[in-house]
Amino acid sequence: MFYFAATFTTIYYKLFLMEIQYFFELFGTLFFGISGALAADEKSGNDWFGVTFIAFLTSIGGGTIRDILLSVDIMWIKDVNLIYAVAIGVILAAIFYKPLLRLRKTFMLFDTLGIALFTIVGLEKALNIGIHPVIAPVMGMFTAVFGSIIRDMMLNEVPIIFKKEIYAFACLCGAIIYMILWKLDMDRNINFFVSGAAIVAIRLAAIKYNLSLPKFKSH
């Protein structure tokens, strides 16, 4: 009896660990859907098609570029749940527009949560197919930031990574933390949350205290 209970616990634990990456991708897609919808509405008004289109590009842009670079199946094409996540994000943005807009403007909350989740997802996906540990954090960063870059370009805005805000650098820091803890054989489940929380903390601290990286000077 004890043997079967222990076996069931082990199987459940392994399945839970495998699902964490998937849930991170779903929630990251949802948060970027909210972010894209709010940004698009501020720029283009109440056109549902335009808002949904920008939300979709924001949510799947980084993952699509990641999957193309890694030469793997594009995630949202084979998993309709990601499309549903974008749709739910747009609907939530419409229903709770004013409070969500305040959160977005004050803390860039949904961008922050999105990049935290997507960084770890992209990094893990790269590691799982044998990408070099030096390259994997870059893939995590690409996954996180390219959606917002596409969004800003579509809305005729300067992409956020070209502003003084700490954005992509926070993703890279979180990815490096993940790799260090990975090398130290930390439990994967704990590593996911520690590294993701580090990205959120760095990003929110940068916003609160107006932190930025040193400027590059050509002369």
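Modeller: Quick vocabulary first: a residue is buried under 20% relative accessible area, exposed over 50%, and partly exposed in between (1.4 Å probe, protein chains only). This is a predicted model, where local features need pLDDT of at least 70, side-chain atom pairs count only at pLDDT 80 or more, and totals for chains, interfaces and linings use all residues. Residues are numbered from 1 along each chain as its sequence is written, and side-chain values use heavy atoms, leaving out hydrogens and water.

Colleague: Okay, is N210 buried or exposed?

Modeller: N210 is exposed, with a relative accessible area of 52%. N210 also has a positive phi of about 55°, although it is not a glycine.

Colleague: How do I read a phi like that?

Modeller: Most residues other than glycine have a negative phi. Here D185 has a positive one too, near 60°. D185 counts as exposed because its relative accessibility is 69%.

Colleague: And how do I read a cavity?

Modeller: Rolling a probe the size of a water molecule over the atoms shows where empty space is left. On a 1 Å grid over the protein atoms alone, a cavity is a set of points where a 1.4 Å probe fits but cannot get out; lining residues have an atom within 4 Å of a point. Grid points are joined across faces, edges and corners, and a volume is the space filled by probe spheres set on the points.

Colleague: How many cavities of 30 Å³ or more does the structure hold?

Modeller: One, and the largest cavity has about 80 Å³ of space. Its lining includes E25, S59, W76 and F118.

Note on methods:
1 Å grid on protein atoms, 1.4 Å probe; cavity = no way out; pocket = protein on both sides within 12 Å on 5 of 7 lines; lining within 4 Å.
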